[in-house]
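Grab your viewer and a coffee. Below are a few short exercises on charged pairs, exposure and overall make-up, each with a worked solution.

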Amino acid sequence: MSNAMCTTRYFLTALKSLPVLAALFYLPGLAIAQDEGSDTTGTEKAETSIELVFTESNNHNKLLSATVKTKIEDAYQPVSGIEVHFYQTEVNPEQLLGIATSNKKGIAVLLVPEEKMDKSTPEYTFIAAVENNEQFEDNQEEISAAESDFEMTLETEDSVRMVHISLQAPDATGALAPVAEAEVHLYVQRMVGLLPISDDPETTDENGEVSAEFPGDIPGDEDGNLIIVAKVEDHERYGNLEFRRKVKWGVPLVIDPDRDRRQLWSSRANAPLYLIFIVNAMLIGIWGVIAYIVFNIFQIRKLGRQQAS
């Protein structure tokens, strides 16, 4: 009797432990199934690289330019249509300066609003970030640039046209101090780009100044106006600085009245009459010969039929 009771007790204990054993076998399978399901439905996001550039124009407009690229087949390609968030100091909604979308070249440009700038310090830290994108992983790039004063003045001294440039920056006391040994490039704005005035850049002296003579043979518009551009490029402390000024120092553009006349080098609409006559006569002669040959072929075929009959 005691053996039967023990057997019954063991049997009941085994029945009670079945749910626990089933759960132990079921949970690992459930975890594996969930992992497999996540592998089939989830997609791996691509990595991006961001190149951030700071440019200040005419001591007023501050531009942030972020170039976004991703690696495709061992080569970096620009990413278009991606939103880039621009921040100052740190990635924080309160420090957001604005959002820009990249173009076909992967470049997103933001004109920094003056009212959102924190000017409590003379040195700024800007951050470009790709956030919460469905195709690309989060990434960010930052750049630092100090406040500066970049000026360009134009003067005519004894019929010599001179370009004067000065570069200053706040010191520890907040007063402007000259910036020496900074390379300054001088250009003239053209229709499709910038024309360098000289092969080598100018360098500021101990007073933060540089002067250069402007050549007098550069074409301007019909009134002789042109745009002179002074640039400090990729400075390790001030970034990119640019100053533009329009001045009437160019050679006035003279429209040649003979350009619309019928010349040999003119466009097709203004081709010389004798050239039009010669070309048309040649075409008529060639097609006339072809028509004459076809006519004779039909005549020969007609004569052959008549002789056969």
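A salt bridge here is a side-chain nitrogen of Lys or Arg within 4 Å of a carboxyl oxygen of Asp or Glu. Keep in mind that this is a predicted model.

**Exercise 1.** Work out which parts of the fold the salt bridge between glutamate 123 and arginine 237 ties together.

*Solution.* Start with the distance: the side chains of glutamate 123 and arginine 237 meet at 3.5 Å, N to O, and the cut-off is 4 Å. Next, place the partners. Glutamate 123 sits in strand E7 (residues 123-130), while arginine 237 is in the loop between strand E16 (226-235) and strand E17 (239-247), so the bridge links parts that are 114 residues apart in sequence. Finally, check exposure: glutamate 123 is partly exposed at 39% relative accessible area, and arginine 237 is partly exposed at 39% too.

**Exercise 2.** Find the salt-bridge partner of arginine 244 and the network they belong to.

*Solution.* The partner is glutamate 242, with the closest N and O atoms 2.7 Å apart. Now look at cover. Glutamate 242 has a relative accessible area of 13%, and buried means under 20%, so this residue counts as buried. Arginine 244, at 30%, is partly exposed. Then follow the shared partners: salt bridges join Lys231, Glu242 and Arg244 into one network.

**Exercise 3.** Find the salt-bridge partner of lysine 119, then count the salt bridges by this rule.

*Solution.* Lysine 119 pairs with glutamate 114 at 2.6 Å, N to O. That glutamate 114 is partly exposed, with a relative accessible area of 27%. For the count, the rule gives five salt bridges.

**Exercise 4.** Is phenylalanine 298 buried or exposed, and which surface patch does Phe298 help make?

*Solution.* First locate phenylalanine 298: the residue is in helix H2 (residues 273-308). Its relative accessible area is 55%, and exposed means over 50%, so phenylalanine 298 is exposed. Then bring in the other patch members: Val279, Leu283, Ile286, Trp287, Ile290 and Val294 join Phe298 in a nonpolar surface patch of about 690 Å².

**Exercise 5.** Put together a quick profile of the whole protein from its helices and strands, burial, contacts and exposed area.

*Solution.* Begin with the elements: two helices and 17 strands. Of the 309 residues, 27% count as buried. For contacts with a separation of 6 or more, residues 24 or more positions apart account for 51%. Last comes the surface: the protein exposes about 21300 Å², with carbon and sulfur atoms supplying 55% of it.

Technical notes: Residues are numbered from 1 along each chain as its sequence is written. This is a predicted model: local features need pLDDT of at least 70, side-chain atom pairs count only at pLDDT 80 or more; totals for chains, interfaces and linings use all residues. Side-chain values use heavy atoms; hydrogens and water are left out. Patches are made of residues with over 30% relative accessible area and no salt bridge: like charges are joined within 9 Å, nonpolar side chains (Val, Leu, Ile, Met, Phe, Trp, Tyr) within 5 Å. Accessible areas come from the Shrake-Rupley method with a 1.4 Å probe; for residues, only the protein chains shown count as cover. Helices (H or I, at least four residues) and strands (E, at least two) are DSSP runs, numbered from the N terminus. Buried means under 20% relative accessible area, exposed over 50%, partly exposed in between (1.4 Å probe, protein chains only). Contact means heavy atoms within 4.5 Å.
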